[in-house]
Number of protein chains: 2
Amino acid sequence: MGGKKTTITNHIKRIRLARTDLTQSELARRVEATRQTILALEAQKYAPSLELAFRIAYVLGEPIEEVFIFDSSDMEARV
Amino acid sequence: MGGKKTTITNHIKRIRLARTDLTQSELARRVEATRQTILALEAQKYAPSLELAFRIAYVLGEPIEEVFIFDSSDMEARV
DNA sequence: ATTTGATGTAAAGTATTTTTTACATAAACA
DNA sequence: TGTTTATGTAAAAAATACTTTACATCAAAT
């Protein structure tokens, strides 16, 4: 039950379906992760490692910022 | 001694010194990490989480791909 | 000379991500 | 009908990232 309110969401599923004909399994194989990991990420369970994020963006053919959305409103205002 | 040969390197130190006058401690405080984490990252000990990578790039004022370099030659060739 | 700030090494513990395994449901189709 | 493919839930174990604590070195400044 690990869960922190991550400030990152992703568009993996949308992009995977819109821009590729990859299944979750095929995407997993290409990025060298497991199907469960892709499934969990698409369900926004947690954010991937930086390396996996790069691999996924690479395979989906999008820049990382298009696939993974960082909400910077958590930041700001720091002296 | 956890260590995998990461395919990711970073330019945190170079950019921090060239574009800001932040110390490791100040950068750590702004991204809400510890100084040890920044130190380890600058020493290329491991890659940060995606969230921390976004935060660091944000504070350094650079896109994430400019700060963190992914070597995609590990990828490619996958049927 | 000694204090202060910045950087560095080290290592144990905590938190988070990823894998592994097992089982469920629904659609497509022989 | 029964088999295969794709997606889903669940949970324990393994791997990796991060924190916490402690101490070391060097440069700058008082």
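The legends below describe close-up views of a predicted model, taking in the contact between two protein chains, the surface near a DNA strand and two loop residues.

**View 1. The contact between chain B and chain A in the predicted model.** The contact draws 27 residues from chain B and 27 residues from chain A, and the area buried between the two chains is about 2600 Å², with carbon and sulfur atoms giving 63% of that area. Across this interface the rule finds zero salt bridges, while four residue pairs, both members at pLDDT 80 or more, are found in polar contact.

**View 2. The side of chain B that touches chain A.** Helix H2 (24-31), helix H4 (50-60), helix H5 (64-67) and strand S2 (68-70) of chain B are the elements that give two or more residues to this side. H4(B) provides the largest share, seven residues. Divided by class, the residues on this side of chain B comprise 13 nonpolar, four polar and 10 charged.

**View 3. The protein surface near DNA strand D.** The strand is surrounded by 18 residues, of which A:Gln24, A:Arg35, A:Leu39, B:Thr37 and B:Ser49 are the closest. At least two residues of this surface are supplied by each of helix H1 (12-19) and helix H3 (35-42) of chain A and helix H3 (35-42) of chain B, and the largest share, three residues, comes from H3(A). The surface near DNA strand D is made up of six nonpolar, seven polar and five charged residues.

**View 4. Side chains of chain A at the phosphates and a base of DNA strand D.** Among the atoms of DNA strand D that lie within 4 Å of the protein, 61% belong to sugar or phosphate and the rest to bases. An N or O atom in the side chain of A:Lys13 lies 2.9 Å from a phosphate oxygen of the strand, and for the side chain of A:Arg16 the corresponding distance to a phosphate oxygen is 3.3 Å. The side chain of A:Gln36, by contrast, places an N or O atom 3.1 Å from a base oxygen of DNA strand D.

**View 5. Two residues of chain B with positive phi.** Most residues other than glycine have a negative phi. B:Glu32, which is not a glycine, has a positive phi of about 60 degrees and sits in the loop between H2 and H3 of chain B, where the residue is partly exposed, with a relative accessible area of 47%. B:Gln44, likewise a residue other than glycine, has a positive phi near 60 degrees; its place is in the loop between H3 and H4 of chain B, and at 36% relative accessibility B:Gln44 also counts as partly exposed.

Terms used. Residues numbered from 1 in each chain as written. Chains lettered and ligands numbered in written order. Predicted model: local features only at pLDDT ≥ 70, side-chain atom pairs only at ≥ 80, totals over all residues. Heavy atoms only, no water. Contact = heavy atoms within 4.5 Å. Buried area = accessible area lost by both parts, 1.4 Å probe. Salt bridge = Lys/Arg side-chain N within 4 Å of Asp/Glu carboxyl O. Polar contact = N/O pair within 3.5 Å; in protein donor to acceptor, adjacent residues only side chain to side chain. Helix = DSSP H or I, 4+ residues; strand = E, 2+ residues; numbered from the N terminus. Nonpolar A, V, L, I, M, F, W, Y, C, P; charged D, E, K, R; others polar. Near = heavy atom within 4 Å. Buried < 20%, exposed > 50% of the residue type's maximum accessible area, 1.4 Å probe, protein only.
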